[in-house]
Amino acid sequence: MSNTVEFAKMNGLGNKILVVDMRGRTDKVTPQAAIALNADAETQFDQIMAIHDPKAQGTDAYIDILNSDGSKAQACGNGTRCVVQALAAETGKKAFTFQTVAGILNAVEHEDGTISVDMGRPVFEWNRIPLAEEFHDTSRIELQIGPIDNPVLHSPSAMSMGNPHAIFWVDRDPMSFDLERFGPLLENHPMFPEKANITLAQVISDSALRTRTWERGAGLTLACGSAACASAVSAARTGRTGRKVTIDVASSPIRQPLVIDWREDDHVVMTGPAEWEWSGALDPSTGTWSRDAERGAEAR
């Protein structure tokens, strides 16, 4: 078995993604390799999307997802769009079915280049999100940061989109909050036994939100697709918006909104862009890598 595999450096609305081709192999991208890749400024990422041979009949691939700290992730909508774009360019296909830890995901590339991913059904039960305490209504749970009589953030909506999310509703630009300081405290709060993605969401209108996310296992991120889905569902669930909204991801350098549709069949469909940056080869056990133009040169 060769020591190296093909990979592409991509982004989904600024969400830094490495798409790694592990098809035809029995090994996996190791946590040590992920940590090494993230330590290099050129390969720094939010998620690795490792494409493996399908495990289930009727699927195109099994996707193994790693965070930048080497931990496993259950879902990554922006990364899934990157996988679709890469495979569509390779195969000419437009529709794909993937298996992940979080379940089966269906996705399609449209003529305009945008990609829709069916992220599945949201989960609201406290023990399935999961939360450490029982809440009958998880659309507003008891949790706050700051002085008890004047909290900076409070009463988030909690849910799972294949991974745990807490959505804090704010009345001003999410970029004006010190999420870099609050994020680690909230991600690791005892309320979340499996940690959580922390999002600040501002309601712009009954069909638009502006968000910023601290991502579990990745930290302050330019974009997080599952968090956008969780924000849209939570906004509709609490009567702040309708069931179809556009999301302005405040931290993304790409000024194109995500469109989230919480359909009547309870599935959440996210539509947005993906972008290829460059490609290369890497060792999935160590994380050493080279760009395509550097083949034959010393690997980093």
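## Cysteines without partners

A disulfide is a pair of cysteine sulfur atoms within 2.5 Å. In this predicted model, a search of the whole structure turns up zero disulfides. Cys82 shows how the cut-off works: its sulfur is 7.7 Å from the closest cysteine sulfur, in Cys76, which is too far for a bond. Cys224 is in no disulfide either, and the nearest cysteine sulfur, again that of Cys76, is 6.8 Å away.

Are these two cysteines buried or exposed? Cys82 has 0% relative accessibility, so it counts as buried. Cys224 counts as buried too, at 6%.

## A buried charge

Let's move on to Glu215, which sits in strand β14 (residues 208-215). This residue is buried yet has no salt bridge. The nearest side chain of opposite charge belongs to Arg216, 7.9 Å away. A salt bridge needs a nitrogen and an oxygen within 4 Å, so that distance does not qualify.

Which residues does Glu215 contact, leaving aside its neighbours within four places in sequence? They are Asn15, Asp46, Gln47, Asn197, Thr221, Ala223 and Cys224. You have already met Cys224 as a buried cysteine.

## Salt bridges across the chain

Elsewhere, a search of the whole structure finds 16 salt bridges. In one of them, the side chains of Glu90 and Arg23 meet at 2.7 Å, N to O. This pair links distant parts of the chain, with Glu90 in helix α2 and Arg23 in the loop between β2 and α1 (31-39), 67 residues apart. Arg23 is partly exposed, with a relative accessible area of 29%.

Another pair is Arg210 and Asp248, whose closest N and O atoms are 2.6 Å apart. Here strand β14, which holds Arg210, is linked to strand β16, which holds Asp248, and the two residues are 38 apart in the chain. Arg210 counts as buried at 16% relative accessibility, whereas Asp248 counts as partly exposed at 27%. Glu264 and Arg243 also form a salt bridge, at 3.6 Å from N to O. Glu264 lies in the loop between β17 (258-262) and β18 (268-272) and Arg243 in the loop between α4 and β16, so this bridge ties together parts that are 21 residues apart in sequence. Glu264 is exposed, with a relative accessible area of 70%. Finally, Asp173, Arg210, Asp248 and Arg255 are joined into one network by salt bridges that share partners.

## The largest pocket

How much space lies in the largest pocket? There is about 220 Å³. Its lining is made of 13 residues, and those nearest the centre are Glu6, Phe7, Ala8, Asp21 and Ala86. The elements giving two or more residues to this lining are β1 (5-12), β2 (15-21), α2 (77-91) and β19 (275-282).

## Backbone surprises

Most residues other than glycine have a negative phi, and most peptide bonds are trans. Keep that in mind for the next three spots. Leu13, in the loop between β1 and β2, has a positive phi near 60°. With a relative accessible area of 0%, Leu13 is buried. Lys195 is not a glycine but has a positive phi of about 65°, and its place is in the loop between α3 (179-187) and β13 (197-205). Lys195 is partly exposed, at 35%.

The third spot is a cis peptide bond joining Ile129 and Pro130, with omega about -5°. Pro130 is found in the loop between β8 (115-118) and β9 (144-145).

Technical notes
Residues numbered from 1 in each chain as written. Predicted model: local features only at pLDDT ≥ 70, side-chain atom pairs only at ≥ 80, totals over all residues. Heavy atoms only, no water. Buried < 20%, exposed > 50% of the residue type's maximum accessible area, 1.4 Å probe, protein only. Helix = DSSP H or I, 4+ residues; strand = E, 2+ residues; numbered from the N terminus. Lys, Arg positive; Asp, Glu negative; His and termini not counted. Contact = heavy atoms within 4.5 Å. 1 Å grid on protein atoms, 1.4 Å probe; cavity = no way out; pocket = protein on both sides within 12 Å on 5 of 7 lines; lining within 4 Å. Points joined across faces, edges and corners; volume = space filled by probe spheres on them.
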